Amino acid sequence: MNQNKANKLSIIGIIIFLAFSVLLASVRSLANFFTDLQWFSLNGYIHTFLVKLKSEMIIGIPLFILIAIGLYFYLLRIKRKYYHSAHIFYNAVADKRIHVGMIAFSTITGFFLSMMIAKDFWLDIKMFLAAKSFHMTDPIFHKDISFYIFKLPLYEALLSTLIILTILLVIFTVGFLFILMSLRQSSDVILQDVQFINPQQKIRSFLDSEVIHNITRKVGVLSMIVLLLMSFQFFLKSYELMYSTRGVAYGASYTDIHVTLQLYRVLCVISFLLSFLAVYAIFKRNMKLIITVPASLIGIGIIGALIASGVQQLVVEPDEINKESEYLKYNIEHTQAAFNLSDVEEEIFTVDQSLTWEDIQNNETTINNIRINDARPLQQTYNQIQGIRLYYTFNDIDLDRYTIDGDYRQVFISAREMNQENLSDQAQTWLNQHLKYTHGYGIVMSPVNAVTNEGQPELMVQNIPPISDYNIVIDRPEIYFGELTNNYIVINTDENEFDYPSGSDNQTTRYEGSAGIELTSLNRLMFAIRESSMKLLVSSVINDDSRIILYRNIIDRVERIAPFLTFDSNPYLVWNQNDNHLYWIIDAYTTSSFYPYSQMFEYNNKPINYIRNSVKVVVDAYEGTTKFYRFDEEDPILIAYDEIFSDLFLGQEEFPEGLINHIRYPQDYFDMQTQVYRAYHVDNPEVFYNGEDIWDIANEKYMGDSQQINSSYVMFKLPKGPAEEFALIVPYTPKEKANMTSLLVARNDGENYGKLYIYKFPKDKTIQGPMMIESRIDQDSVISPQFTLWGQEGSKVLRGNLIVVPIENSILYVEPIYLQADNPNSLPEMKRVIVAYQEKIVMTQTLEQGLKEVFGLDTPQIIIDDETLSPELKELINQLNQLLENQRDNADNLENIINDLNQYLDEIK
């Protein structure tokens, strides 16, 4: 008795716990929904938020009713059949329990199944309905590519779901019948008044009973449904051959078309016929026929696989190039189309290597924008000399171009963000993290081509508040939205926000923007539940005017609004010269892994075989205003998204005027294309098959390591181009060779944005690749010993990016050299520049000096060592060097004097 009571109490306790957990989860879900609804509404994307909810309800509610009612009446029919066959009479108490259980089971099952299906399928169904033509068909079935992108994935997913649901129904059927037999059984019916001699006879009689007949009949019908679904699945597998990996390239191969396709068609018909045989066999309980059904499918599948393997090995492989040539051509064409490489313009770059000093002077903009600073050491330098306080961090260094004081120039720019993780332990309080330390402050900007005498970058914008010697004004330097702003904040409280440090004091401020949701009493409760923070509810410094700002991390922000897009890994900051505000630009991509015959590659750890940079997103660093702009009006996937999310995208013509000149061809996208183009620049199937013309991305020595060269933004004048422009380039070499074979170039400026060019070098010349230049540096009788000497003196020699600079019809190579002392707090300092051209290679203090030496205009220079000479002596030497420069033609007779003076300065050291 006590044991039963204890068991009942335990059951009641478990029920209460489960009910409380469900209630808690429901309240949290309600709070999340309520707060997200307000956030989307505030940002102008209420339709984008509700379209998912509406779609799930439109799919889920009818599906729930259908599944719940259908399952209930299905179970009710099973129960009635069982009662009839077992001669069981109605019992009010027992049947009420069973009836309640059926209702509960049907309701719960219907709810969860409909919820999962609606959640998983709503976007696929919307995309199916909004499908747009690609104006290109596959070469086998001649279906528009949209069938594979928008429709086939939905067909496959629905079919798999139906098969799973049918199998579940088989389990429910058998399980429910056995539950009925355990709860309501009639021994006289089962035994049928027969006196059994032994247990075997009893079992045989049970298996022959009407109850078991009912079970087998229902299982037979469901088995027929499964086989019919499998028949349709084999039909769809024919189209899945567009993703086959059997042949020498991705997509259907000779064997797939001539054997596997026929096999799927045979299996489709056989499955259809066997579905009826299965019903007959189960109804008749003919075990031989029952076994024959799956055995036939397995047997045909094995025979087909053996035939395919035999054809591949005995027919295809001995004559592979001829057999696969047609399919290789399909693979090449569709891969180029899927990765937007069909329209790469090919030009021959003659590489005359006939540059003169006059050419250098005529390409002044190109020369003045050669990058002698690198982002990696620059980030360390920014953080040390411009971090100001430990809680400020320069998370990333971005490269852009601006017209400043009339000069078009490349610059590095970086945001000084608030990194709350670097606050001291005692400062890691709720008030500091959410009310006090709310934003970063200002930017640092430096030209790519200039350093101080100490080897540090010359700063065009620096300090807090930002100051500049140029015509650069930033009206809103506060950065409330960035890459490190991960916490929500509450603004307009009774507590002033920290603005920036000023000497020994701190300046405070109050947010003047429009971002944030008002914290009414109800909102305070909802956000307290959402953030699991009672402080939001009880804090006395939060008043009626306070607002809460969510999703301040710009990547979290855009992914929250448009999770169906793939976002670039490198957002970049832009100073808008029209309104003097700061904005983030984020590139976004539409992707797919269902493009037929297109080779699969990996992006962000996800396999894809189609990508377009169709969207650019702008986020105001102060207001948080987030706008999505269409930049590829021909992308069918984007057109479908635009139709579904009607309030999300704006046209390219609405892109802010002050930012349009700062859009960049994204490096992630370009790097993906460069990987694809290594092999897929070839149009000839035979050359592709033999791998005769595969390229590698060139290598370089960077910061002590050998690595694949990164694509880089450079400013130069394209052959036949009217003026210098901002471009993204990467050099190629033949596979496993060091000489350079071509340059892939993406244009960034104006109406030429997005155009790709491949500049191929003559094959009858050896054009030096980056690693060939690196080897020459290592072997140079002047440079290499100097590296060794610096290393022996306690400095670490760091080699920056080797920049390939096209000028006229020639190639120039430039590499900055950094020195870093062997102590933890030292900064890398840009001390030398290596310039290489043809057979000449020099290392000098400045790029200008190096160019003059390479082109025969070298002037003797007195070398300044900043650590050993007084400021007065350094100034005197600078003046002397300038005099020598002005009298270059008469300076040769002074060379011995200068050399003697340099030797004397070395002795001083």
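Buried here means under 20% relative accessible area, exposed over 50%, and partly exposed in between, with a 1.4 Å probe and protein chains only. The model is a predicted one, so local features need pLDDT of at least 70 and side-chain atom pairs count only at pLDDT 80 or more, while totals for chains, interfaces and linings use all residues. Residues are numbered from 1 along each chain as its sequence is written, and side-chain values use heavy atoms, with hydrogens and water left out.

Overall, the protein has 25 helices and 32 strands; helices (H or I, at least four residues) and strands (E, at least two) are DSSP runs, numbered from the N terminus. Of its 909 residues, 52% are buried. Contact means heavy atoms within 4.5 Å, and among contacts between residues at least 6 apart in sequence, 68% join residues at least 24 apart.

Salt bridges come next, each one being a side-chain nitrogen of Lys or Arg within 4 Å of a carboxyl oxygen of Asp or Glu. Side chains of opposite charge can pair when their charged atoms come close. The structure has 25 salt bridges. In one of them, R560 meets D36 with an N to O distance of 2.2 Å. This pair links distant parts of the chain, with R560 in helix 17 (residues 554-561), D36 in helix 1 (residues 2-42), and the two positions 524 residues apart. D36 counts as buried because its relative accessible area is 4%, whereas R560, at 36%, is partly exposed.

Another bridge joins E495 to K436, whose closest N and O atoms are 3.0 Å apart. Here too distant parts of the chain are linked: E495 sits in the loop between strand 8 (489-491) and strand 9 (497-502), K436 belongs to helix 14 (residues 430-436), and the two are 59 residues apart. With a relative accessibility of 24%, E495 is partly exposed, while K436 comes in at 19% and so counts as buried.

The side chains of R476 and E512 also form a salt bridge, at 2.6 Å from N to O. Both partners of this long-range pair are in loops: R476 between strand 6 (443-447) and strand 7 (478-479), E512 between strand 10 (505-509) and strand 11 (517-518), 36 residues apart. R476 is buried at 19%, but E512 is exposed, with a relative accessibility of 61%. Beyond these pairs, a network of salt bridges links K701, E774, D778, R799 and E815.

D374 is worth a look as well. The residue lies in the loop between helix 12 (364-368) and helix 13 (375-385), and its relative accessibility of 1% is why D374 counts as buried. A polar atom of the D374 side chain lies 2.8 Å from the backbone nitrogen of N801. Leaving aside residues up to four places away in sequence, D374 touches Y702, M703, G800, N801, P816 and Y818.

Then there are the cavities. On a 1 Å grid over the protein atoms alone, a cavity is a set of points where a 1.4 Å probe fits but cannot get out, and lining residues have an atom within 4 Å of a point. Grid points are joined across faces, edges and corners, and a volume is the space filled by probe spheres set on the points. Five cavities of 30 Å³ or more turn up in the structure, and the largest has a volume of about 60 Å³. Its lining consists of T366, N369, I370, R371, Q410, Y713, V714, M715, I803, V804, V805 and P806. Strand 24 (712-716) and strand 29 (803-807) are the elements that give two or more residues to this lining, and strand 29 gives the most, with four. Sorted by class, the lining of the largest cavity has eight nonpolar, three polar and one charged residues; Ala, Val, Leu, Ile, Met, Phe, Trp, Tyr, Cys and Pro count as nonpolar, Asp, Glu, Lys and Arg as charged, and the others, Gly among them, as polar.

Two helix residues round things off. I98 lies in helix 3 (residues 92-129) and is buried at 8% relative accessibility. Its C-alpha atom is separated by 9.8 Å from that of L76, 22 residues apart along the chain. A278 is in helix 8 (residues 254-284) and, at 6% relative accessibility, is buried. A278 and V219 are 59 residues apart in sequence, with 9.9 Å from C-alpha to C-alpha. Not counting residues up to four places away in sequence, A278 touches L227 and V293.

Methods:
On a 1 Å grid over the protein atoms alone, a cavity is a set of points where a 1.4 Å probe fits but cannot get out, and a pocket is an open set with protein on both sides within 12 Å along at least five of seven lines; lining residues have an atom within 4 Å of a point. A polar contact is a pair of N or O atoms within 3.5 Å; within protein, one must be able to donate a hydrogen and the other to accept it, and residues adjacent in sequence count only if both atoms are side-chain atoms.
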